[in-house]
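Here are a few exercises to work through with the model open in your viewer. Try each task yourself before reading its solution.

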Amino acid sequence: GPVGAGRCRDAGGVPRARAGAREGLARPGAGHARAQLSAWLDEDDPRLVAAAVTAVEPIEETGRLVAFTSDPDASVRRAAALRLGAAIESVDAIQALSQLARVDPEPSVRQAAVSALGGFGAAATGPLRERMGDAEAQVRLAVVRALVRADRDSALPLIAPLLAAPPSRAGIEAARTIALTGGASAGAPMPQDVQDARAYLAGALGNEDASLRSQAAVA
């Protein structure tokens, strides 16, 4: 492989190098770590490229991140999607994330894309609503969380039907999200949607499916 990648592996492997660079980014004066990560963008090892993408400035270099959403490697596309979540003023970013959420063959990439879309506010509601029927449960759960994060008021009518159906993974996640985000002011009664969410979770505790009972208990 490339000389740089080989050095990283000899020093303890790509994961260790990536973790070290990220730790460096978290400290003041992290220019050296950022420069090291940036140098990996042209490496052949997709693990290094995925790590390097975390150093790309999402606002100043949105176009570069958008380009990485077409990378052949899923880990690179996922890293680019998560990084684009900070470019909340970019039309190009929301379009790229919407495309990933819709057509990427890897569930982890679609999950990252919908999670990132949650930071774009009401503009993301349409693309997120389209993914409520995703084939993968992990993506559908991420959609529920992202919808509420994007625009809670408009999300409630979209996810409320989940609470009217028998307990499901998506329904439990919807109830958990509604309950967590529906705080009331001091002295005010608990909002009805939070009451309904808590009742749904309580009911799911008696479900015959052990995995649903466990999820409801954690929620």
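**Exercise 1.** Find which helices the buried residues of H10 pack against.

*Solution.* Keep in mind that this is a predicted model. Start by listing the buried residues of H10: Val139, Leu141, Ala142, Val143, Val144, Ala146, Leu147, Val148 and Ala150. Next, look for their packing partners, which are H8, H9, helix H11 (152–164) and helix H12 (169–181). As a check on the helix itself, take its 14 residues at 1.5 Å a residue: H10 should span 20 Å, and its end C-alpha atoms are indeed 20 Å apart, so the two agree.

**Exercise 2.** Describe how H8 and H10 pack, giving the angle and the distance between their axes.

*Solution.* Two packed helices are described by the angle between their axes and by the distance between those axes. For helix H8 (residues 107–117) and helix H10 (residues 137–150), the angle is about 5 degrees and the axes lie 8 Å apart. Angles under 35 degrees count as roughly parallel, so H8 is roughly parallel to H10. Now collect the residues that make the contact. H8 contributes Pro107, Ser108, Arg110, Gln111, Val114 and Ser115, while H10 contributes Gln138, Val139, Ala142, Val143, Arg145, Ala146 and Arg149. Sorting the residues of this contact by type gives six nonpolar, four polar and three charged.

**Exercise 3.** Work out which residues are joined with Arg131 and Asp134 into one salt-bridge network.

*Solution.* First take the pair itself: the side chains of Asp134 and Arg131 form a salt bridge, at 2.9 Å from N to O. Asp134 and Arg131 are both buried. Then follow the shared partners, and Arg110 joins Arg131 and Asp134 in one network. Arg110 also appears among the H8 residues in the contact with H10.

**Exercise 4.** Two further salt bridges are Asp45 with Arg47 and Arg64 with Glu61. For each partner, decide whether it is buried or partly exposed.

*Solution.* A search of the whole structure finds nine salt bridges, these two among them. In the bridge of Asp45 with Arg47, the closest N and O atoms are 2.9 Å apart. Buried means under 20% relative accessible area, so Asp45, at 9%, counts as buried. Arg47 has 38% relative accessibility and therefore counts as partly exposed. In the bridge of Arg64 with Glu61, the closest N and O atoms are 3.3 Å apart. Arg64 is partly exposed because its relative accessible area is 38%, and Glu61 is partly exposed at 27%.

**Exercise 5.** Locate Ala123 and Ser214, and say how exposed each one is.

*Solution.* Ala123 sits in the loop between H8 and helix H9 (125–130). Exposed means over 50% relative accessible area, so Ala123, at 54%, counts as exposed. Its C-alpha atom is 9.8 Å from that of Ile88, although the two residues are 35 apart along the chain. Ser214 belongs to helix H14 (residues 210–218). With a relative accessible area of 43%, Ser214 is partly exposed. Ser214 and Ala204 are ten residues apart in sequence, with 9.1 Å between their C-alpha atoms.

**Exercise 6.** How many helices and strands does the chain have, and what share of its residues is buried?

*Solution.* Count the elements: there are 14 helices and zero strands. Of the 219 residues, 45% count as buried. Finally, among contacts with a separation of 6 or more, 54% come from residues 24 or more positions apart.

Key
Residues are numbered from 1 along each chain as its sequence is written. This is a predicted model: local features need pLDDT of at least 70, side-chain atom pairs count only at pLDDT 80 or more; totals for chains, interfaces and linings use all residues. Side-chain values use heavy atoms; hydrogens and water are left out. Axes are lines fitted to C-alpha atoms, for helices over the stretch in contact, and angles run from 0 to 180 degrees between N-to-C directions. Helices (H or I, at least four residues) and strands (E, at least two) are DSSP runs, numbered from the N terminus. Angles under 35 degrees count as roughly parallel, over 145 as roughly antiparallel, 65 to 115 as roughly perpendicular and the rest as oblique. Contact means heavy atoms within 4.5 Å. Ala, Val, Leu, Ile, Met, Phe, Trp, Tyr, Cys and Pro count as nonpolar, Asp, Glu, Lys and Arg as charged, and the others, Gly among them, as polar. Buried means under 20% relative accessible area, exposed over 50%, partly exposed in between (1.4 Å probe, protein chains only). A salt bridge is a side-chain nitrogen of Lys or Arg within 4 Å of a carboxyl oxygen of Asp or Glu. The expected span of a helix is 1.5 Å times one less than its number of residues.
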